[in-house]
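This report describes one protein chain for a reader who has not met it before. Look over the sequence and the model, then read on.

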Amino acid sequence: YLNYYGDVGAIHTVPFYQVIAADNIHNNLFRNKIVLVGYGEDLEPEKHQGFYSAYSRSSGQAICPIEIAGTAVADILDQSWLRPLGEKYSLAILIGWGLLLGGLFRFCQYRNALALTVFFCVAYFALSLFLFNTYCLWIPLTLPLMQALAFIIWESVIHYRQIRKLTASYLPKEVFAISSD
């Protein structure tokens, strides 16, 4: 997976007409550089020649093919391409995360389990961000957080049903009745 360096123009490009005009270009501009030649500007706006990336949302512009090639070359040189975690490890994370959350709600009081779940979600998000920024490692993020949300909702429903069941014998039924007025 490509690790984009930013929005359109993040990789320095020089138009070909400037390159052939020798008096406009500094002699050392291309020294010890990799030069890619290709389509780099939107000269024909009626033809869609670019690609959208994660950065296109903010600017609405498509990245031209030569910038994508430059990104690929830079990723190879820097060894900074995105590496998704293997399927076995991702599955192990999801199972382990589910067991952790289940254990929290099974062995801790509801309020403590809820606080620990939020803490572990924030810690997991921070770990995910750290691994992504430092090692370009892409670990599952959405599924574990959705899994935590599902646990919170499920355990909250069970908790409030137990509270209602316990208090129903001590409070009048009108307290639990849903009024239609």
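In α5 of this predicted model, the buried residues are Tyr110, Ala113, Thr117, Cys121, Tyr124, Ser128 and Leu131. An α-helix has 3.6 residues a turn, so residues three or four places apart point the same way. The buried residues of α5 pack against α4, β2 (137–138) and α6. After α5 comes Cys136, which has a positive phi near 55°.

Thr117 belongs to helix α5. Its relative accessible area is 0%, so Thr117 counts as buried, the limit being under 20%. A polar atom of the Thr117 side chain lies 2.7 Å from the backbone oxygen of Ala113. Apart from neighbours within four places in sequence, Thr117 is in contact with Leu101, Leu104, Phe105, Ala148 and Ile152. Leu104, with the same kind of neighbours left aside, touches Ala113, Leu116, Thr117 and Phe120.

Which residues make up the largest nonpolar core? This core has 12 residues in all: Trp97, Leu101, Leu104, Phe105, Tyr110, Ala113, Cys121, Tyr124, Leu131, Ile139, Ala148 and Ile152. At least two core residues come from each of α4 (87–107), α5 (110–135) and α6 (142–168). α5 gives the largest share, 5 residues. In soluble globular proteins, nonpolar side chains tend to be buried together.

Helix α3 covers residues 65–78. Its buried residues are Ile66, Glu67, Ile68, Gly70, Thr71, Ala74 and Asp75. Just after α3, Gln79 has a positive phi of about 55°.

The lengths of α3 and α5 can be checked against the rise of 1.5 Å a residue. The table sets the expected span beside the distance between the end C-alpha atoms.

| Helix | Residues in helix | Expected span | End C-alpha distance |
|---|---|---|---|
| α3 | 14 residues | 20 Å | 20 Å |
| α5 | 26 residues | 38 Å | 36 Å |

For α3 the distance agrees with the expected span, and for α5 it agrees as well.

How many disulfides does the structure hold? The structure holds 0 disulfides. A disulfide is a covalent bond between the sulfur atoms of two cysteines. Cys108 has a relative accessible area of 29%, which means that Cys108 is partly exposed. Cys121 is buried, because its relative accessible area is 14%, under the 20% limit.

Is Phe16 buried or exposed? Phe16 is exposed, because its relative accessibility is 57% and the cut-off is over 50%. Phe16 lies in helix α1 (residues 16–20). Along the chain, Phe16 and Val37 are 21 residues apart, and their C-alpha atoms are separated by 8.4 Å.

The last part concerns the chain as a whole. The protein chain contains 6 helices and 2 strands, and their pattern along the sequence is α-α-α-β-α-α-β-α. Of the 181 residues in the protein chain, 22% are buried. Among contacts with a separation of 6 or more, 67% join residues 24 or more positions apart. The accessible surface of the protein chain is about 13,800 Å², and carbon and sulfur atoms account for 63% of this surface.

Notes: Residues numbered from 1 in each chain as written. Predicted model: local features only at pLDDT ≥ 70, side-chain atom pairs only at ≥ 80, totals over all residues. Heavy atoms only, no water. Core = buried A, V, L, I, M, F, W, Y, C linked by side-chain atoms within 4.5 Å. Buried < 20%, exposed > 50% of the residue type's maximum accessible area, 1.4 Å probe, protein only. Helix = DSSP H or I, 4+ residues; strand = E, 2+ residues; numbered from the N terminus. Contact = heavy atoms within 4.5 Å. Areas by Shrake-Rupley, 256 points an atom, 1.4 Å probe, with all protein chains shown as cover. Polar contact = N/O pair within 3.5 Å; in protein donor to acceptor, adjacent residues only side chain to side chain. Expected span 1.5 Å × (residues − 1). Disulfide = S-S within 2.5 Å.
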